[in-house]
Amino acid sequence: MAQADTGDFEMLRRRADIELRQQRWAAAAATCHRLLALRPTFADGWFNLGYALRHSGAYVPALQAYAQALRYGVADEATVHVNRAVILADHLRDDAAAEAALDLALTVDPRHPGALLNRGNLHEERGHRDAAIARYRQVLAHHDDQTGAAGEALARLTHLVPPSHVDDPLLARLWAAARSGTSRPDGLRATLWLSLGRALDTLDATDAAFESFASGKQAAHRGHGQYDPAVADRQAEAMIAAYPTPAPPRPGVHAPEPLFICGMFRSGSTLLEQVLGAHPDVAAVGELDLLPRLAAQALAPFPARAASLDPARCGALAAQYHAALCARLPDGGAGCRLATDKRPDNYRLIGLIKQLFPAARIVHTVRDPRDVALSIFMQHLNPRAFPYAATLAGIGHQIGVHQRLVAHWRSLYPDDIVSFDYDAFVVNPEATLRPLLAHLGLAWSPACLQFHTRATTVKTASYWQVRRPLYTDASGRWRRYRAHLAPLEAALRAAGVDLHG
């Protein structure tokens, strides 16, 4: 390499490192391409390119970049296999290939914490409880609790082997890990505190559980911007203004037809998708990032560009979305009539959905807003994407924003948006489900009520709940915490949300 090229190479390598740290994924990928043009055998450059492409949503090119990193002798081969497994499992829905990649990682390094942890996660998502427990125990056997993987494994193991009493040794270990120092990353500390809270909740230790949830939320959102209700209100109004009238009809038939399930997080969308996925005419695809990524990239700035979309562009974007949906289905969706896209916060994008798919049907999941809010408060949602989840007051305000948006979409599409009431379903499942299936043009299928027996992969926080027969434990749980919910109830009432009980 010439001296000038060497200088360019070092400059580009430093630039790529900065862009990756700043999470400027598209810029980092472009810089890595320039870097590799100068030195095509630079294994770390291929690794960084794969990392940037993965976060940009270019999953197949990311796998190809990681393959090049392996080809040119990347130092940390096991981590490359783990990163490939994450793409295959979480984004391309190829669990068999993900398992193979993790097995390769463990062949290279049998104690690799990320490989063991992700193998356990994949076992959980596929409903293999004992195998997941074994993997998490391997992590804890080989790695100190102060490491990230061990902390995550401890949190998951406590969930799978819930404490039977407050003096349970595993609970004590989790409590000690959550309290230990501030040297841990905030995200891991949040995971530990929230896991501790959920364990205490199972013991009905509500005061201690709530304190743990609050500590977890503080850790999760430390260093991130605070939720601004005024900004959320303006964003909702901009969305409403961008879609003042129904989308015009447009010819076009997509098979299978996409079925959109949306609502507030923790309102029953995973349960509903599993129920519908048990129907012989429905394929459950899972929680997809296709629409949000399309809005953020191809349609930026969104929703300002919505009005400028002509029928040809709408058709092209619909075809792009549908191809990506079918790529996640066995045999491309042959043999099924409906394919679900269960992304809860797609309720924001119903205007876009109807613009791309004028005949689309949307199922909106609903649940007592206090149970929704409490469940969100118990979960570790991404603080960048969901700043409102930091506090009960923020969650209450966001529920009000959500209801305002959905009311607007219903005013435009009264016949195409149907509600699914979680609380009603767990009490009287068949009477709740039959009208929904009829609305979707589906015949009654008893298999829908045996959803928990299916061998499926579930990639949300509800993956163990939906493997149980229907239960009513979570319906009305807010009453046990009512002494702590004054900020939530005040925010809900201020947002005009009806409260009963």
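**Exercise 1.** Determine the strand order of the open five-stranded sheet and the sense of its pairing.

*Solution.* The order is β2-β3-β1-β4-β5, and the pairing is parallel. The model is predicted: local features need pLDDT of at least 70, side-chain atom pairs count only at pLDDT 80 or more, and totals for chains, interfaces and linings use all residues. Residues are numbered from 1 along each chain as its sequence is written, and side-chain values use heavy atoms, with hydrogens and water left out. Strands (E, at least two residues) and helices (H or I, at least four) are DSSP runs numbered from the N terminus; two strands pair if DSSP finds at least two bridges between them.

**Exercise 2.** Identify the edge strands and examine the pairing of β2 with β3.

*Solution.* Step 1: β2 (282-284) and β5 (417-421) each have a single partner strand, so one side of each has no neighbour in the sheet. Step 2: on average, neighbouring strands are turned by 30° against each other, direction ignored. Step 3: three bridges join β2 to β3 (residues 338-342) in the parallel sense. Ala 283 stands opposite Ala 339 of β3.

**Exercise 3.** Find which strands α19 and α21 meet, and their angles to β5.

*Solution.* Axes are lines fitted to C-alpha atoms, for helices over the stretch in contact, and angles run from 0 to 180 degrees between N-to-C directions. Contact means heavy atoms within 4.5 Å. Step 1: α19 (residues 392-412) packs on the sheet and touches β1 (257-263), β4 (361-366) and β5, making about 140° with the direction of β5. Step 2: α21 (residues 429-439) lies across β4 and β5 and runs at about 160° to β5.

**Exercise 4.** Compare the span of α5 with its expected value, then assess its burial.

*Solution.* Step 1: the expected span is 1.5 Å times one less than the number of residues. For the 15 residues of α5 (77-91) the end C-alpha atoms lie 21 Å apart, close to the 21 Å expected. Step 2: buried means under 20% relative accessible area, with exposed over 50% and partly exposed in between (1.4 Å probe, protein chains only). Twelve of the 15 residues are buried, so α5 is largely enclosed by the rest of the structure. Step 3: the cover over its buried residues includes α3 (43-56), α4 (59-71), α6 (95-108) and α7 (113-125). Arg 93, just after α5, has a positive phi of about 55°.

**Exercise 5.** Repeat the analysis for α3.

*Solution.* Step 1: its 14 residues should span 20 Å, which agrees with the 20 Å between its end C-alpha atoms. Step 2: eleven of the 14 residues are buried, among them Trp 46, Phe 47 and Arg 54. Step 3: just after α3, Gly 57 takes a positive phi of about 90°.
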